[in-house]
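Welcome! Take a moment to look over the model shown here, and then read on for a short tour.

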Amino acid sequence: MDLRAQLSAVAFRRPHVLLAQCPGGTGQRLHVERALREWGWPVAGSPADADLLVITGEPTGRLAGDITRAWDALPAPRARVNVAWPAGADEIRAVLRAGHKSVLQEAAETRSGARRNSHETTKRGGAAHEDMDMGEVDGLSMADRADDRDGLSLDVLHAPLGPVLPAWPAGLRLDVTWQGDVAQHVKTVVAPVADGLPAFWDDPWLRCLQGECVQVAAVERHRAAAHLDSLTRLLALTGPPGLAVSAALARDRLLAGEPAAEVEPTVHRLAGRLRRSRLLRLMTSGLGVLTPGQLAAAGVTGPALRASGARHDLRMADPAYPVFEPVVQQHGDVLARLLQWADEAAASLRLARDESAVLPPRVGAVESPRGQLSLDEAAPSVRLVDLLTGATTGAEAAAVRLVVASLDPDTDSIRDGVINPTDPDVELSGSHRGR
Amino acid sequence: MVGNGPSWSLLVLLAALAVLAVAASALDRALADQAAGRTVSRAVVLDPLVAGLRLLFVARRSTRTSDGLLWRLGAGTVLTVPVLAAVVVPLGGRAVADLSIGVVWYTALVALLWVGVFLVGWGGNSAYALVAGYRFVAQALAYEMPLALSVITAATAAHSLRVGALVQAQQHLWFVVWMPAAFVVYLIGALALSFWGPFATPVAPDLAGGVLVDVSGVDRLLVRAGQYVALVSAAAFAVPVFLGGDLGPVLPPWLWSLLKTVAVLAVLVTARSRLPLVRMDRFEELAWVVLIPLVLVQLLVVCIVILATPLA
């Protein structure tokens with residue numbers, strides 16, 4: 001019907017997009033986010049609110065299955081697009097527009113009587129028994145009961161966090177056993193990066209370690225953009241939505257090549273507003289405290305370590321950074337890590353003012369946005385992933401999200417087989433060779 | 001002065017609530033557009049209607065072993081309760097029903113929102129929706145007492161629970177001038193009862209949309225529209241209770257009511273982008289230990305003033 005086609009064209013002129021991020025897709029994800037922001041297409045919080053599923057990176061391990069489940073949960077009219085690598089900004093926008101067209105086509109065709117109703121199991125209790133006299137309803141058994149931390153007997157729910165979740169590291173999945181809203185047991189599962197996909201955020205430092213000469217200004221701008229990206233995700237969960245958008249805008253301006261001197265005032269203002277916000281301080285201070293001892297034992301370096309008070313930054317001993325004072329916070333809580341990112345981004349942009357300084361190729365380790373990076377050791381994000389189980393067990397739902405977002409491991413840099421093999425609660429799901 | 005309106009006043013109320021809810025949503029979108037660096041066109045006024053149209057096209061989801069009746073009922077409750085609560089709000093001197101217990105009517109009805117939001121969270125048989133439903137209950141426990149006490153403070157000053165009498169009692173001085181703490185607490189309660197802005201944890205992105213995680217189509221439209229109508233209803237109720245109703249110098253009374261409502265609504269809507277999310281594990285204690293004593297002290301001051309000044 002022409003009227004239906006016209007009305008649906010108006011109704012879906014800005015489709016809601018669900019981003020399914022896979023490891024190795026950071027570059028694409030940044031282009032997609034920028035396009036969505038410019039066009040005003042809202043980012044959906046869950047499949048129920050989405051029209052278009054956008055997959056960035058390459059699904060590996062169990063990720064493909066999880067993405068299929070998310071796809072099944074999208075209500076009609078829906079469409080699905082893959083943004084593969086390599087793809088430039090224009091190609092990505094063309095792909096998104098093609099997805100939009102598919103949504104419009106389906107919206108115009110679907111007759112109201114044939115509305116697809118998706119049945120989605122989102123609450124599974126205990127272990128699945130086949131016994132009929134265990135009180136089954138529709139094939140689902142009753143939830144098991146177990147003692148919680150206060151000794152009360154509460155229902156046990158198994159509901160995972162991720163991998164298709166807004167403001168969440170790509171390809172990460174926490175299999176959580178909930179009692180009430182407290183995570184009693186957490187198992188971390190990471191999907192490995194598929195072969196050949198780049199680690200976007202670590203790129204300049206990897207090139208430096210592999211023998212290239214890179215400009216300090218370019219390196220520090222990249223670091224500032226990485227911190228602003230992490231900050232955007234954390235602010236999407238905690239802080240004022242206005243500041244989350246502001247951080248995303250600053251990040252996009254840096255990645256688009258704008259001079260550091262022009263972006264620096266914005267970032268400085270952002271850091272100031274975050275520090276002065278008393279309500280933000282009330283909500284996030286004292287949450288997810290990680291002491292320097294804990295972090296050092298786990299081998300964590302970088303902003304997470306500096307936020308707990310340890311003055312550890314490889315740039316201090318680096319001749320390419322003559323006068324370098326590391327940014328350090330206290331307390332090591334979520335607020336400290338938030339402010340650490342903001343302050344380090346501002347400091348990096350100050351360092352990036354000097355266009356002439358050069359970082360010669362080096363052997364050993366360099367300070368990357370997530371921590372100490374070297375070619376013969378595991379990536380710093382692996383240490384962060386190892387921390388997740390311990391830092392989130394026993395925390396309640398909001399705290400789990402905030403702790404993960406404040407550590408923000410970069411799953412692009414987690415290659416096959418380097419996750420701690422002795423910890424049963426951390427797993428690399430499948431191998432990149434067999435999906 | 002203020003009394004019952006003619007029989008068609010209910011239609012006027014519905015129309016006013018609808019227009020103001022759309023305006024609130026349009027304002028929020030315009031602010032978001034501006035913050036994101038997009039150009040704000042005049043078509044943003046129609047965006048809420050387009051969003052509603054989209055939700056009418058989207059398929060309605062169901063989940064396994066959900067409590068269908070209570071789930072859908074919860075969504076419907078979130079929309080109808082604020083409309084019912086607003087019948088005591090006068091526009092230009094006339095309310096749909098100027099009940100002798102108008103203040104209690106309003107407070108009691110917005111408490112029914114607890115039922116609506118919790119049922120939306122519980123009915124879908126979904127873990128995150130349930131957690132978010134309980135978040136709203138915790139939030140309700142935090143805001144309800146301060147909100148009720150702030151409204152009681154105004155009613156005490158007017159010696160009546162009838163909204164019309166509250167407006168009449170503000171002829172010489174608006175209540176907001178000499179009970180500002182109560183007004184601020186009322187605004188906090190207004191944000192919390194419509195789970196808007198800093199108090200949006202029941203629908204927050206950290207639980208993938210909270211109570212709305214599995215809700216789509218018409219049900220989502222009902223809850224979202226109900227959220228905006230609750231905001232409008234709370235803003236509209238603040239006007240006769242604290243801001244002198246339709247009293248004002250030059251313009252016609254109904255225009256004054258409208259302008260004041262729009263002003264309060266604008267304050268409530270802009271609070272979303274400027275304030276961080278408030279979690280109840282940190283705020284609950286604050287609400288009971290700081291806000292309630294604050295309002296009680298305000299109530300004490302009001303009582304002393306009333307006893308000290310002779311009745312007009």
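## Inside chain A

Of the 435 residues in chain A, 57% are buried. Keep in mind as you explore that this is a predicted model.

Contacts tell another part of the story. Among the contacts in chain A with a separation of 6 or more, 71% are between residues 24 or more positions apart.

## Build and overall shape

How many helices and strands does chain A have? There are 14 helices and 15 strands in chain A. The chain is as compact as a globular protein of its length, because its radius of gyration of 23 Å is close to the 22 Å that the globule rule gives for 435 residues.

If you would like to picture the space involved, imagine a box of roughly 70 × 60 × 45 Å along the principal axes: the C-alpha atoms of chain A fill it.

## Surface and charge

Turning to the outside, chain A has an accessible surface of about 17,400 Å². Carbon and sulfur atoms account for 53% of that surface.

Chain A also carries 47 positive and 55 negative charges. The mean positions of these two sets lie 7 Å apart.

## A stop in chain B

Now let us visit one residue of chain B. Thr270(B) sits in helix α10, which covers residues 253-274 of chain B. Is Thr270(B) buried, exposed or partly exposed? Its relative accessibility is 27%, so Thr270(B) counts as partly exposed.

Where does Thr270(B) lie relative to Trp71(B)? The two residues are 199 residues apart in sequence, and their C-alpha atoms are 30 Å apart in space.

Note on methods: Residues are numbered from 1 along each chain as its sequence is written. Chains are lettered from A and ligands numbered from 1 in the order in which they are written. This is a predicted model: local features need pLDDT of at least 70, side-chain atom pairs count only at pLDDT 80 or more; totals for chains, interfaces and linings use all residues. Side-chain values use heavy atoms; hydrogens and water are left out. Helices (H or I, at least four residues) and strands (E, at least two) are DSSP runs, numbered from the N terminus. The radius of gyration is taken over C-alpha atoms; the globule rule is 2.2 Å times the number of residues to the power 0.38. Buried means under 20% relative accessible area, exposed over 50%, partly exposed in between (1.4 Å probe, protein chains only). Contact means heavy atoms within 4.5 Å. Accessible areas come from the Shrake-Rupley method with a 1.4 Å probe; for residues, only the protein chains shown count as cover. Lys and Arg count as positive and Asp and Glu as negative; His and the chain ends are not counted. The place of a charge is taken as NZ of Lys, CZ of Arg, CG of Asp or CD of Glu.
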